[in-house]
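Let's take a walk through a protein together. Have a look at the sequence and the picture below, and then we'll go through it piece by piece.

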Amino acid sequence: MTENDLPAASGRSRDDHALPAENAPDLPPEPATEKAPTPFHDDKPAKPAKPAKKGTAASSTWVALIVGALLLILLLVFIMQNQQSVELNLFAWTWNFPLGVGLLLASIIGGLIMACAGIWKMFEMKRNHKRG
């Protein structure tokens, strides 16, 4: 077998370990080893990526106001749809309220209790920080 037995399109030299001609598959020509320049490849140094733009305090305040207004609208709809009167008992006291108003009062009281717990924890952390 000689070099002339190899297909001309294979681009192989005699140094390559080629299959015999009868077992060699019809392979496409091998791609060039040099990379062609791409539109994204140039000799200029890469520019640093811009940091993500952070929202301002005013924008986050507007978002919070919009979300709060939507929640208040939902709360108003809930209260208006639950007008049936219910009896609320706390220890020895008894009140008659519309259901929606009673649930609103219960959630406000629960929020105040959680705020008190958070305030207590902040004072405790501040006291421990001052002690060292």
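In which helix does I108 have its place? I108 sits in helix α2, which covers residues 99-131. Keep in mind as you look around that this is a predicted model.

Now zoom out for a moment. The protein has two helices and two strands, and if you start at the N terminus, the elements come in the order α-β-β-α. Helix α1 takes up residues 57-81, strand β1 runs over 85-90 and strand β2 over 93-98, and helix α2 is where we began.

How much of this protein is buried? Buried residues account for just 5% of the 132 residues. The protein exposes about 12700 Å², and 66% of that comes from carbon and sulfur atoms. Contacts tell another part of the story: take those between residues at least 6 apart in sequence, and 7% of them join residues at least 24 apart.

Back to I108. Together with L105, I109, L112 and I113, I108 forms a nonpolar patch on the surface. The accessible area of these residues together is about 470 Å². Is I108 itself buried, exposed or something in between? I108 counts as partly exposed because its relative accessible area is 43%, and partly exposed means a value between the 20% and 50% cut-offs.

Next, find the loop between β1 and β2, where F91 lies. The phi of F91 is near 55°, which is a positive value in a residue other than glycine. That's worth a second look because most residues other than glycine have a negative phi. F91 is also exposed, because its relative accessibility is 79% and the label applies over 50%.

What about pockets? The largest pocket holds about 220 Å³ of space. Its lining is made up of L88, N89, L90, W95, F97, G102, L105, A106 and I109. Three elements, β1, β2 and α2, give two or more residues each to that lining. The largest share comes from α2, with four residues. Notice two names you've already met: L105 and I109 line the pocket and also belong to the nonpolar patch.

Finally, swing over to helix α1 and pick out V77. V77 is partly exposed, as its relative accessible area is 41%. How far is the C-alpha atom of V77 from that of G100? They are separated by 9.4 Å, with the two residues 23 apart along the chain.

Methods:
Residues are numbered from 1 along each chain as its sequence is written. This is a predicted model: local features need pLDDT of at least 70, side-chain atom pairs count only at pLDDT 80 or more; totals for chains, interfaces and linings use all residues. Side-chain values use heavy atoms; hydrogens and water are left out. Buried means under 20% relative accessible area, exposed over 50%, partly exposed in between (1.4 Å probe, protein chains only). Contact means heavy atoms within 4.5 Å. Accessible areas come from the Shrake-Rupley method with a 1.4 Å probe; for residues, only the protein chains shown count as cover. Patches are made of residues with over 30% relative accessible area and no salt bridge: like charges are joined within 9 Å, nonpolar side chains (Val, Leu, Ile, Met, Phe, Trp, Tyr) within 5 Å. A salt bridge is a side-chain nitrogen of Lys or Arg within 4 Å of a carboxyl oxygen of Asp or Glu. On a 1 Å grid over the protein atoms alone, a cavity is a set of points where a 1.4 Å probe fits but cannot get out, and a pocket is an open set with protein on both sides within 12 Å along at least five of seven lines; lining residues have an atom within 4 Å of a point. Grid points are joined across faces, edges and corners, and a volume is the space filled by probe spheres set on the points.
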